[in-house]
Amino acid sequence: MTRAKLDLIRKMTPAILPSVLSCDFGDMKSELARLTSAGARALHVDVMDGHFVPNLTFGMPIVAGLRRHTELPLDVHLMISDPLRYAPAMVDAGADLLTFHVEAVEDATYTAKEFRKLGVGVGVALDPETPLSDLDGCLSFVDMVLVMSVKAGFGGQPFDSVSLDKLTLLRDNHPGLLLQIDGGINAETIGPARQAGCDLFVVGSALIGRDDYSAALGELDQAVRSADATPQARVK
Ligand SMILES: O=C(CO)[C@@H](O)[C@H](O)COP(=O)(O)O
Ligand SMILES: [Fe+2]
């Protein structure tokens, strides 16, 4: 069932994924309603453990709570030290796409294969300072690469353009992989990311900080469409 949502995500690309990290956690039901009526088609959910990253967010009960109140696919970004330990419970809680960090595991290929067994879409993430070569071997066992354009851990950081070269290389060499970018995405940075071949754009502060989610999503969508219209775009 969860891999069916992965197909849905594939079909919706290019897509903007609101990151709930910047939402009002005391009022998530209305945040979900506002995001849904603004046209969000999937949600990005940042799980941080205070160990792999120096920030702490939430775990399975909150993911399950989101699942109860939305039918949108949940794209869960695990910024935790022991992703294999929590992956089954995250899938039970309602994750549709589950992403681990390559820096958090000893064997990314083994981790990706174990995630696959859970019937979920599988992503692998890498921080800006991590070379693409660290993904060698595991790319055949993942559905998506999450290219971080900030160091994982906090919303609201500035975009690091090292991510664009990574996207370009991944797009040129792995046409079938879903590519996601996360960190510092706004109406200026989303276009270059699209031109580099990105499919899924996580947006936190540039969207959730706005009064009108619909207008903000519309501006971001428009920037993606303009990027697609440029001759240098890698994805059309
Ligand atoms: O994973 C993370 C941060 O580690 C993100 O998903 C942030 O939530 C993105 O927020 P902005 O950079 O868009 O404010
Ligand atoms: Fe994230």
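Strands here are DSSP runs of E with at least two residues, and helices are runs of H or I with at least four residues, numbered from the N terminus. By that assignment H44 lies in strand β2 (residues 43–48). This is a predicted model, in which local features need pLDDT of at least 70 and side-chain atom pairs count only at pLDDT 80 or more, while totals for chains, interfaces and linings use all residues. Residues are numbered from 1 along each chain as its sequence is written, and chains are lettered from A and ligands numbered from 1 in the order in which they are written.

The table lists three strand residues; a residue is buried if 20 or more other C-beta atoms lie within 10 Å of its own, exposed if 12 or fewer, and partly exposed in between, with C-beta atoms placed from the backbone.

| Residue | Strand | Other C-beta atoms within 10 Å |
|---|---|---|
| H44 | β2 (residues 43–48) | 26, buried |
| H77 | β3 (residues 74–79) | 27, buried |
| T99 | β4 (residues 97–101) | 26, buried |

The unreviewed UniProt entry places the feature "binding site" at H44, D46, H77 and D182, an annotation that may be inferred rather than shown by experiment. These positions span 139 residues in sequence, yet no two of their C-alpha atoms are more than 10.6 Å apart, so they gather at one spot.

Contacts (C-beta atoms, placed from the backbone, within 7 Å) connect these strand residues: leaving aside neighbours within four places in sequence, H77 is in contact with residues including H44, D46, T99 and D182, whereas the contacts of T99 include V76, H77 and V124.

Terms used: Contact = placed C-beta atoms within 7 Å.
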